[in-house]
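Trainee: I've got the model loaded and I'd like to know where the labels come from. Can we go through them one at a time?

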Amino acid sequence: MTNVYIARQPIYNRRLQVEGYELLFRSGEENRADVHDRDRATSTVLRNAFMEIGLGHLVGEKPAFINFTRNLLLDRESFPYPYEKVVLELPAYLEPDAEVVAAVADLRRRGCRFALDNFGFSDPRVPLVDLVDYIKLNLQELGLEKIPELMGHLGGCEAKLLAHCVESQQEYVACRELGIDHFQGFFFCRPEIVKGRRLPASRLSTIRLLSQLQSPDVTIEELEKIIAQDVSLSYRLLRYLNSVQFGLVSKIDSIRHAVSYLGLDNLRVWASVILLARIDEKPVELLKTSLVRGKMCELLGRESGESDHGMFFMVGLFSTLEALLDLPIGDILQDLPLAEGIKLALLGYAGSPGEALACVLAYERGEWDAVDDAPYPGDTVSQAYLRAIAWAEETIGEVAG
């Protein structure tokens with residue numbers, strides 16, 4: 001894995017509480033921007049924030065202010081990030097033609113917020129003033145004495161004014177007295193470098209697809225589309241469903257057919273198994289462990305009379321995610337919209353699925369007192385283990401080959 005970098009600088013309100021963070025491009029540990037290609041720099045910030053480091057680690061529940069470009073703005077259909085988490089900063093050089101205005105209006109309807117960066121006198125972006133949530137005034141470029149005049153020009157607009165490049169107590173107090181409510185600059189805090197680790201492409205792709213598969217809002221139709229767009233996933237899923245394990249009378253020959261046969265929850269399970277099997281540079285025994293744990297948890301759940309067998313399976317399957325993805329489980333679960341029961345089971349062995357996982361892990365380690373204390377009668381646990389081993393041996397060739 002290679003290092004990735006991003007800088008963040010807080011934005012404060014009048015009570016000096018953090019209202020959000022601006023995320024800034026950095027190519028290394030030196031705290032300065034070295035931008036040669038604006039589109040690439042913005043794309044790098046987005047990728048590092050959402051996919052490599054994790055937005056939760058960078059901004060928590062606060063919005064992320066991110067400089068945007070015309071090309072990325074017009075290519076809004078490919079914007080794969082949650083709109084409500086970001087404030088897109090529109091730069092001073094942006095020409096507000098009809099396409100740009102339409103794109104901003106469209107994204108605003110979808111829940112995105114905007115800021116006009118470095119707003120000044122005779123600013124060509126006036127057509128966007130009523131579409132943005134923040135207007136940033138650069139104190140060092142405008143000069144403190146010109147701020148009241150510019151505020152007068154902005155008169156009736158509803159956007160919040162944000163004074164940035166605030167470098168002294170005097171500037172901060174003066175802006176407060178003028179009625180400005182948001183502040184950013186070296187006086188409060190210099191940009192802070194945050195370093196992360198870039199996952200290999202196969203693991204990054206796996207996290208993205210797992211996130212889409214596990215979304216509680218995904219529909220059958222959307223799931224079909226997600227799988228159909230991934231040729232390898234589609235091929236392996238169809239091959240597995242047509243294997244001798246399922247013993248189907250008629251062949252499943254399309255993703256739509258697979259969806260209708262398996263149903264939403266089962267499709268999530270099997271697509272997730274196949275995705276984990278695709279991760280490069282990991283021993284096949286690790287995947288086998290995932291499958292054994294998943295099946296064993298499922299069998300123990302059935303023994304307990306639980307109806308949601310899929311949740312038990314997923315808890316066991318995902319118990320090896322740290323080793324498969326080379327990330328702490330807490331970080332992984334921040335990025336995967338898993339059911340709360342699965343998260344609680346993985347983090348603290350809570351609930352019936354967590355109880356089953358704890359028993360499975362105790363059996364693996366030979367902690368027999370803990371196994372005996374588990375709420376499963378007689379030789380249930382040992383029988384579940386033997387059945388899970390046999391099933392995993394039979395399954396792994398189909399999903400990993």
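Trainee: What makes H13 count as largely enclosed by the rest of the structure?

Mentor: Bear in mind that this is a predicted model. Eight of the ten residues of H13 are buried, so the helix is largely enclosed by the rest of the structure. The buried ones are Met311, Phe312, Phe313, Met314, Val315, Gly316, Leu317 and Phe318. To be called buried, a residue needs a relative accessible area under 20%.

Trainee: Which residues is Leu317 in contact with, leaving aside its neighbours within four places in sequence?

Mentor: Leu317 is in contact with Ser272, Val273, Leu276, Ser290, Leu291 and Gly294.

Trainee: Why is H12 called roughly antiparallel to H13?

Mentor: H12 (residues 284-303) and H13 pack at an angle of about 150°, with their axes 7 Å apart. An angle over 145 degrees counts as roughly antiparallel, and that makes H12 roughly antiparallel to H13. The crossing of the two helices is right-handed.

Trainee: Which residues meet there, and how do they divide?

Mentor: On the H12 side you have Ser290, Leu291, Arg293, Gly294, Lys295, Cys297, Glu298, Gly301 and Arg302. They meet His309, Phe312, Phe313, Gly316 and Leu317 of H13. The residues of this contact divide into five nonpolar, five polar and four charged.

Trainee: And how do you know that H13 and H17 are oblique to each other?

Mentor: H13 (residues 309-318) and H17 (residues 351-365) pack at an angle of about 45°, with axes 9 Å apart. Roughly parallel would need under 35 degrees, and roughly perpendicular runs from 65 to 115. The angle of about 45° fits neither, so H13 and H17 are oblique to each other. Their crossing is right-handed.

Trainee: What makes up that contact?

Mentor: Met311, Phe312, Val315 and Gly316 come from H13, while Ser352, Pro353, Ala356 and Leu357 come from H17. The split for the contact of H13 with H17 is six nonpolar, two polar and no charged.

Trainee: Why are H12 and H17 called oblique too?

Mentor: H12 and H17 pack at an angle of about 125°, and their axes are 9 Å apart. Roughly perpendicular stops at 115 degrees and roughly antiparallel needs over 145, so about 125° leaves H12 and H17 oblique to each other. H12 passes H17 in a right-handed crossing. H12 brings Thr289, Arg293, Met296, Cys297 and Leu300 to the contact, and H17 brings Ala356, Leu357, Cys359, Val360, Leu361, Tyr363 and Glu364. These residues divide into nine nonpolar, one polar and two charged.

Trainee: Which residues have the most contacts inside the largest nonpolar core?

Mentor: Leu291, Leu300, Leu317, Phe318, Leu321, Leu346 and Val381 do, in a core of 63 residues. Helix H11 (residues 255-277) gives the most to this core, with twelve residues. A second, separate core has 56 residues, including Leu90, Leu94, Ala159 and Tyr172.

Trainee: How do you know that Leu154 is buried?

Mentor: Its relative accessible area is 9%. Buried means under 20%, so Leu154 is buried. Leu154 lies in helix H6 (residues 147-154). Leaving aside its neighbours within four places in sequence, Leu154 is in contact with Phe119, Ile135 and Leu161.

Trainee: What makes Ser122 exposed, while Cys165 is called partly exposed?

Mentor: Ser122 has 77% relative accessibility and so counts as exposed, the cut-off being over 50%. Cys165 has a relative accessible area of 26%. That falls between 20% and 50%, so Cys165 is partly exposed.

Trainee: What is the phi of each, and where do they sit?

Mentor: Most residues other than glycine have a negative phi. Ser122 has a positive phi of about 55° although it is not a glycine, and Cys165 has a positive phi of about 60°, again without being a glycine. Ser122 is in the loop between strand S5 (113-116) and strand S6 (134-138). Cys165 is in the loop between strand S7 (160-164) and helix H7 (169-178).

Trainee: How many helices and strands does the chain have?

Mentor: The chain has 19 helices and nine strands. Buried residues make up 51% of its 401 residues.

How values were computed
Residues numbered from 1 in each chain as written. Predicted model: local features only at pLDDT ≥ 70, side-chain atom pairs only at ≥ 80, totals over all residues. Heavy atoms only, no water. Core = buried A, V, L, I, M, F, W, Y, C linked by side-chain atoms within 4.5 Å. Buried < 20%, exposed > 50% of the residue type's maximum accessible area, 1.4 Å probe, protein only. Helix = DSSP H or I, 4+ residues; strand = E, 2+ residues; numbered from the N terminus. Contact = heavy atoms within 4.5 Å. Axes fitted to C-alpha atoms, helices over the stretch in contact; angles between N-to-C directions. Left-handed = near helix turned anticlockwise from the far one by under 90°. Nonpolar A, V, L, I, M, F, W, Y, C, P; charged D, E, K, R; others polar.
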